[in-house]
Amino acid sequence: MRIDRIELLQVRLPLVHEFETSSHRKSYLEHVLVRVEDADGAVGWGEVASPSGPFYTAETVETCWTIGSSYLVPALVGASWEHPRDAPALWGKVRGNEFAKAGFDAACWALWSVVEGVPLARALGGERQTVVAGVSLGIEAGVDALVEQVARQVDAGYPRVKLKIAPGWDVEPVTAVRAAFPDLQLHVDANGAYTEDDEHLTALRALDGSGLVMIEQPFAPRNLMAAARLQAVIDTPICLDESIVDGHDLETALAVGACRVLNIKASRMGGLTAAVAAHDVAREHDIPVWCGGMHEFGVGRAANVALSSLPGFVLPSDVSGSDKYYARDVVTQPIRADHGIVAVPWDSPGLGHDVDEEFVRANATRTHEGTA
Ligand code: OSB
Ligand code: MG
């Protein structure tokens with residue numbers, strides 16, 4: 001396989017509802033779409049889902065644009081490869097920059113599955129034709145507003161709700177949501193905002209009594225030992241997100257007992273190839289996994305749905321319908337959840353969703369082209 005033309009399109013879409021995490025608040029997202037084309041005109045799309053600012057990880061849209069246009073486009077365009085799992089080796093000398101790489105890796109998988117005539121889910125080793133979606137709710141102005149948001153999602157049929165927490169916004173909102181929804185699968189995500197200070201540890205240990213499915217990323221990404229120490233004294237499983245960027249991180253986390261659940265994000269790990277490998281390792285260790293989200297547009301969301309169809313993804317994934325985030329999406333059949341169930345495209349080749357190129361181009365804030 002050989003890609004003759006690569007186009008990068010930075011696209012900006014407003015969020016239906018502002019989203020706040022422990023680090024920042026956002027009202028729109030700006031992702032870079034990667035469009036790859038072979039000599040026969042077959043096309044594959046990938047999405048670089050980096051947040052705008054360096055708060056989730058070190059990358060930003062700007063760094064992804066620079067790395068993508070200066071290093072990844074030249075590494076991929078005109079190169080020959082057999083299978084998408086071989087594509088990451090083309091940019092193997094580029095360190096870090098996983099979000100940027102992930103968009104290119106996904107575009108290769110999408111193109112390859114189009115050319116081979118197989119749905120992306122099957123190309124990745126997926127086995128399920130539906131996946132269960134959970135929703136992720138940001139920090140709200142107050143507890144009442146949060147309970148109202150949870151009620152909306154429960155009414156929509158989502159079986160699992162994750163709440164963003166931060167020091168000072170933890171025990172109180174979680175207790176209120178738990179009181180209102182005693183049987184809901186509930187989990188919290190701190191995005192690394194806690195330390196091992198007494199006050200923080202007291203709050204985290206208090207959450208242990210709330211019947212949470214997991215506590216996600218309590219401590220800073222590299223602080224695996226803090227996660228291991230907390231996991232040793234609480235019953236609630238700790239899930240890692242930001243901490244696990246490659247297979248070595250996963251090996252270390254498992255060895256020190258830093259997590260009992262893994263959030264797999266292709267974006268965070270440099271692509272679908274790495275995500276599938278992490279899934280395989282987690283499965284060997286009996287670690288349940290689920291697919292995290294980065295508020296992806298339809299291209300990235302469709303790839304996440306395909307990934308979630310692999311057998312180790314046994315917990316609900318953050319692949320809620322795109323209508324929760326965007327009034328209009330970049331694909332013409334937006335991803336929809338029906339009572340928390342999302343259909344995996346199983347009969348059409350590639351992503352299984354057509355990209356609305358006119359809409360993408362109309363909303364592109366900049367473009368770049370590389371040809372062989
Ligand atoms: O930690 O999962 C996270 C969004 C931006 C940055 C980090 C995270 C998130 C989400 C989004 O929780 C969930 C979704 O896309 O549905
Ligand atoms: Mg997370």
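In this predicted model, the lining of the largest cavity draws at least three residues from each of domain 1 (3–117 + 357–371) and domain 2 (123–343). A search of the whole structure finds three cavities of 30 Å³ or more, and the two largest of these are described below together with ligand 1 and the two largest pockets. The largest cavity has a volume of about 270 Å³, the largest pocket one of about 580 Å³, and the protein buries 99% of the area that ligand 1 exposes when taken alone.

**Largest cavity**

- The lining of the largest cavity, whose volume is about 270 Å³, is made up of 23 residues, and those that lie nearest its centre are Phe-19, Lys-164, Gly-293, Met-294 and His-295.
- By residue class, this lining of the largest cavity holds nine polar and eight charged residues alongside six nonpolar ones.

**Ligand 1**

- Ligand 1 is surrounded by 14 residues, and the closest of them are Asp-189, Asn-191, Lys-265, His-295 and Tyr-325.
- His-295, which is among the residues nearest the centre of the largest cavity, places a polar backbone atom 2.8 Å from an oxygen atom of ligand 1.
- Lys-164, likewise listed among the residues nearest the centre of the largest cavity, has a polar side-chain atom that lies 3.0 Å from an oxygen atom of ligand 1.
- For Asp-241, a polar side-chain atom lies 3.1 Å from an oxygen atom of ligand 1.
- Taken alone, ligand 1 exposes 390 Å², and 99% of that area is buried by the protein.

**Second largest cavity**

- The second largest cavity has a volume of about 110 Å³, and its lining consists of 14 residues, with Glu-47, Ala-106, Ser-267, Gly-300 and Ala-303 nearest its centre.
- At least two lining residues of the second largest cavity are supplied by each of β3 (43–48), α2 (98–116), α9 (266–269) and α11 (298–308), and α11 accounts for the largest share, four residues.
- Seven nonpolar, five polar and two charged residues make up the lining of the second largest cavity.
- Because domain 1 (3–117 + 357–371) and domain 2 (123–343) both give residues to its lining, the second largest cavity lies between them.

**Largest pocket**

- The largest pocket, with a volume of about 580 Å³, is lined by 28 residues, of which Gly-96, Glu-98, Val-245, Asp-246 and Arg-268 lie nearest its centre.
- Two or more residues of the lining of the largest pocket come from each of α2, α9 and α10 (272–284), and α2 gives the most, with four residues.
- Both α2 and α9 also supply at least two residues each to the lining of the second largest cavity.
- The lining of the largest pocket comprises twelve nonpolar, nine charged and seven polar residues, and at least three residues are drawn from each of domain 1 (3–117 + 357–371) and domain 2 (123–343).

**Second largest pocket**

- About 280 Å³ of space lies in the second largest pocket, which is lined by 19 residues, those nearest its centre being Arg-152, Gln-153, Asp-323, Lys-324 and Tyr-325.
- The elements that give two or more residues to the lining of the second largest pocket are β1 (3–20), β5 (135–137) and α4 (143–155), and of the elements β1 gives the most, with five residues.
- Tyr-325, one of the residues nearest the centre of the second largest pocket, is also one of the closest residues to ligand 1.
- Eight nonpolar, six charged and five polar residues form the lining of the second largest pocket.
- Domain 1 (3–117 + 357–371) and domain 2 (123–343) each contribute at least three residues to the lining of the second largest pocket.

Key:
Residues numbered from 1 in each chain as written. Chains lettered and ligands numbered in written order. Predicted model: local features only at pLDDT ≥ 70, side-chain atom pairs only at ≥ 80, totals over all residues. Heavy atoms only, no water. 1 Å grid on protein atoms, 1.4 Å probe; cavity = no way out; pocket = protein on both sides within 12 Å on 5 of 7 lines; lining within 4 Å. Points joined across faces, edges and corners; volume = space filled by probe spheres on them. Nonpolar A, V, L, I, M, F, W, Y, C, P; charged D, E, K, R; others polar. Domains from an automatic or database assignment. Near = heavy atom within 4 Å. Polar contact = N/O pair within 3.5 Å; in protein donor to acceptor, adjacent residues only side chain to side chain. Areas by Shrake-Rupley, 256 points an atom, 1.4 Å probe, with all protein chains shown as cover.
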